[in-house]
Amino acid sequence: MENKESFNYTYSSIHKEEIEKIRNKYIQNQESDLDELRKLDQKVTNTATFGSIVVGIVGLLVNKIITKKLREKYGPRILELSERLLKE
């Protein structure tokens, strides 16, 4: 009588996923045309958004500077007129 003992072990799906995840780190990924298209679209969108934010901030600062200068210039006359109108 022949006794054949064998040991079989199968990885569970969780282990396979983990192994694939580790393995994929070391595989040189080939970028598809769709991946490249997505990256280029993101670059355009992000650059435009960044530019808009910069222009908005600069515009806000310019507006504050102009408003401050105009208040200094016209402030005394505005106060004078408002005092006169309040006394009426």
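This passage describes the fold, surface and charge pairing of a predicted model.

The overall architecture is easily stated: the chain contains two helices and zero strands. Helix H1 covers residues 13–26, and helix H2 covers residues 33–87. The outline of the chain is far from that of a globule. For 88 residues, a compact globule would have a radius of gyration near 12 Å, whereas the chain has 35 Å. The C-alpha trace gives a matching impression, with spans of about 125 × 35 × 20 Å along the principal axes.

Burial is correspondingly scarce in the numbers, as buried residues account for 1% of the 88 residues in the chain. The accessible surface amounts to about 9,300 Å², and carbon and sulfur atoms contribute 59% of that area. The charges can be summarised too: the chain carries 16 positive and 14 negative charges, and the mean positions of the two sets lie 13 Å apart.

A nonpolar patch offers a good place to begin a closer look at the surface. Phe50, Val54, Val58, Val62, Ile66, Leu70, Tyr74 and Ile78 together make this patch, which has an area of about 740 Å². Tyrosine 74, one of its members, is located in helix H2. This tyrosine counts as partly exposed because its relative accessibility is 43%, and partly exposed residues fall between the 20% limit for buried and the 50% limit for exposed.

Attention turns next to charge pairing. Side chains of opposite charge can pair when their charged atoms come close. In this model there are three salt bridges. One of them joins the side chains of arginine 38 and aspartate 35, with an N to O distance of 3.9 Å. That value sits inside the 4 Å limit used to call a salt bridge. Both arginine 38 and aspartate 35 belong to helix H2, where three residues, or about one turn of the helix, separate them. Aspartate 35 has a relative accessibility of 32% and therefore counts as partly exposed.

Further along the sequence, the side chains of arginine 77 and glutamate 80 form a salt bridge with an N to O distance of 2.8 Å. Here again the partners lie in helix H2, three residues apart, which is about one turn of the helix. Glutamate 80 also meets arginine 84 through their side chains, at 3.3 Å from N to O. Glutamate 80 and arginine 84 are four residues apart in helix H2, again about one turn of the helix. Through shared partners, these salt bridges join Arg77, Glu80 and Arg84 into one network. The members of the network have been assessed for exposure as well. Arginine 77 is partly exposed, with a relative accessible area of 43%, and glutamate 80 is partly exposed at 42%. Arginine 84 is likewise partly exposed, with a value of 43%.

Distances between chosen C-alpha atoms help to place the helices relative to one another. Lysine 16 lies in helix H1 and is partly exposed, its relative accessible area being 47%. The C-alpha atom of lysine 16 is separated by 32 Å from that of glutamine 42, which is 26 residues away along the chain. Asparagine 46, in helix H2, has a relative accessible area of 46% and is therefore partly exposed. Between the C-alpha atoms of asparagine 46 and glutamate 17 the separation is 33 Å, with the two positions 29 residues apart along the chain as a sequence offset.

The final residues complete the picture. Lysine 87 is part of helix H2 and is exposed, with a relative accessible area of 70%. Eleven residues in sequence and 17 Å in space, C-alpha to C-alpha, separate lysine 87 from proline 76. Glutamate 88 is placed in the segment after H2. With a relative accessibility of 74%, glutamate 88 counts as exposed, because exposed means over 50%. Glutamate 88 and lysine 21 are 67 residues apart along the chain, and 81 Å separates their C-alpha atoms.

Notes
Residues are numbered from 1 along each chain as its sequence is written. This is a predicted model: local features need pLDDT of at least 70, side-chain atom pairs count only at pLDDT 80 or more; totals for chains, interfaces and linings use all residues. Side-chain values use heavy atoms; hydrogens and water are left out. The radius of gyration is taken over C-alpha atoms; the globule rule is 2.2 Å times the number of residues to the power 0.38. Buried means under 20% relative accessible area, exposed over 50%, partly exposed in between (1.4 Å probe, protein chains only). Accessible areas come from the Shrake-Rupley method with a 1.4 Å probe; for residues, only the protein chains shown count as cover. Lys and Arg count as positive and Asp and Glu as negative; His and the chain ends are not counted. The place of a charge is taken as NZ of Lys, CZ of Arg, CG of Asp or CD of Glu. Patches are made of residues with over 30% relative accessible area and no salt bridge: like charges are joined within 9 Å, nonpolar side chains (Val, Leu, Ile, Met, Phe, Trp, Tyr) within 5 Å.
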